[in-house]
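Subject: The structure I promised you

Hi,

Here is the structure we talked about, with the sequence alongside. Have a look at it first, then read on for what turned up.

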Amino acid sequence: MTFLTRRTALLAAATCAATLGLTAIAEAQTSIKIGYAISRTGPNTGGAAVTTIPNYELWVKEVNAAGGIKLGDKRVPIEVVQYDDRSNAEEAVRALERLINQDKVDFILPPWGTGLNLAVGPTLNREGYPHLAATAVTDRAPELAKRWPNSFWLLGTSADASKTLVELLSKLRDEKKIGDTVAMVSIADGFGIDLSSAARPALTNAKFKLAYDKSYPIGTQDLAPIVNEIKALNPDVFIAFSYPPDTLALTEQSRIAGLNPKVFYTGVGTAFPLYKQKFGKNTEGVMGIGGWSGDSPAIKDYLARHKASAANGAEPDRWASAVTYASLQMLQQAIERVGKIDRAAVIKDLQTGTFDTVIGKVKLENNMPTRFWWVGQWQGGEFYGIAPAKNEGARTAIVPKPAWVAP
């Protein structure tokens, strides 16, 4: 005969109750609550409206149309809670704290841009949420991935971006297609500061002559003086580590002023569909940060789905849009493999798993991908990746850039 002490009986009852409670909680999970704060107003609006918001909306729409995210043997729909971060770091942090503490969201999607991703990083790390930074380029990425093991830096480092660009320029110089004079401008924001800081030593080490090197404040309206100063120098290469509004302004002012170097390279926004819409035939030969494998069947399918879903048939950009959508596919696959709302386990799966995405198979090393597109170029109405040249689908650069034509 087995005798149970009162203490043993109470422990057994408590264990049974806890097990039944966990089972009830799992069965009661009727949705996955996902939150994000995104720039719907302020200077980041253009980037967020093209790269981030349409992909968040497309992913939620497609997942819910398929029945939701699979948790164990059932699927549950995504419930979205969102706020406007107003393109402001403090507001972005406050919004995330509201999502965590008041809305009790299960997962959080990141904001747009390098600066805001750096701003919200400590909060997401402290609270144990996966941080899939799909629109941030920073040399701090390897360090931050160690400090914040929940963070994943999917666009890579400024040093790699600058190194790849300079390697391409060096190759073009060796082929006698360009000279060695470079003019560089950059936005005084995390993105521009990081990229220009990495480019200076890379250009110097490669024996290029940096004839012009200036930054400008975020929100600068009149860039004509900068363009006119550069035109007077007649450089072989123009580099702008710019954000969308200034990318458009620099290109337009260069066309008006007749600044047409052999290599014309601009930053975020060059790969945007708006760039093609605004400049038409004048996009031919323009280089910029990013790119994609435009001939890939997966990319073509993603492009068609994006156009069908977005307002007015809007297209994605040809760089971080596909990376953003791929990050959402990775998150979904990690959640489904874990099979429950367990953020720590999802983070572990993101660190170690292999994922099928629109940009191909992705397996992270030290919380970062191993393959990036750093330089793209408009060719025949499409923005193809041209560097690194070893990437599958890389196109050969068109140099010199064709002359500007009348609009």
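Let's start with the aromatic rings: there are 11 aromatic pairs in this structure. Before you get too attached to any of them, keep in mind that this is a predicted model.

One pair to look up is Phe 264 with Trp 404. Their ring centres are 5.4 Å apart and the planes make an angle of 85 degrees, so this pair counts as edge-to-face; the cut-off for that label is over 60 degrees. Now check where the two residues sit in the sequence. Phe 264 belongs to strand β11 (residues 263-266), while Trp 404 is in the segment after β16 (382-387), so the pair ties together parts that are 140 residues apart in sequence. Are these two residues buried or exposed? Phe 264 has 0% relative accessibility, so it counts as buried. Trp 404 is buried too, because its relative accessible area is 14% and the limit is under 20%.

There is also an aromatic cluster, made up of Trp 112, Phe 191 and Tyr 243.

Rings turn up with charged partners as well. The charged end of Arg 173 sits over the ring of Phe 208, at 4.0 Å from the ring centre. Tyr 384 has Arg 395 over its face, and here the distance to the ring centre is 3.7 Å.

Next, find strand β13 (residues 354-357). Which of its side chains are buried? Phe 355 and Thr 357 are, and they point to one face; Thr 354 and Asp 356 point to the other face and are not buried. That fits a general pattern: in a regular strand, side chains alternate between the two faces of the sheet. β13 pairs with strand β14 (residues 360-363) in the antiparallel sense, over 4 bridges. The two strands form a hairpin with 2 residues between them, and Thr 357 has Gly 360 in β14 as its bridge partner.

Finally, zoom out to the whole chain. You can count 13 helices and 16 strands in it. Of its 407 residues, 53% count as buried. The radius of gyration is 24 Å, which agrees with the value near 22 Å for a compact globule with 407 residues. The C-alpha atoms fill a box of roughly 100 × 40 × 40 Å along the principal axes. Among contacts between residues at least 6 apart in sequence, 67% join residues at least 24 apart. As for the surface, the chain exposes about 17500 Å², and carbon and sulfur atoms supply 54% of that.

Cheers

Definitions and conventions
Residues are numbered from 1 along each chain as its sequence is written. This is a predicted model: local features need pLDDT of at least 70, side-chain atom pairs count only at pLDDT 80 or more; totals for chains, interfaces and linings use all residues. Side-chain values use heavy atoms; hydrogens and water are left out. Buried means under 20% relative accessible area, exposed over 50%, partly exposed in between (1.4 Å probe, protein chains only). Two strands pair if DSSP finds at least two bridges between them. Rings of Phe, Tyr and Trp (its six-membered ring) pair if their centres lie within 6.5 Å; planes under 30 degrees apart count as stacked, over 60 as edge-to-face and the rest as tilted. A charge sits over a ring if NZ of Lys or CZ of Arg is within 6 Å of the ring centre and within 35 degrees of the ring normal. The radius of gyration is taken over C-alpha atoms; the globule rule is 2.2 Å times the number of residues to the power 0.38. Contact means heavy atoms within 4.5 Å. Accessible areas come from the Shrake-Rupley method with a 1.4 Å probe; for residues, only the protein chains shown count as cover.
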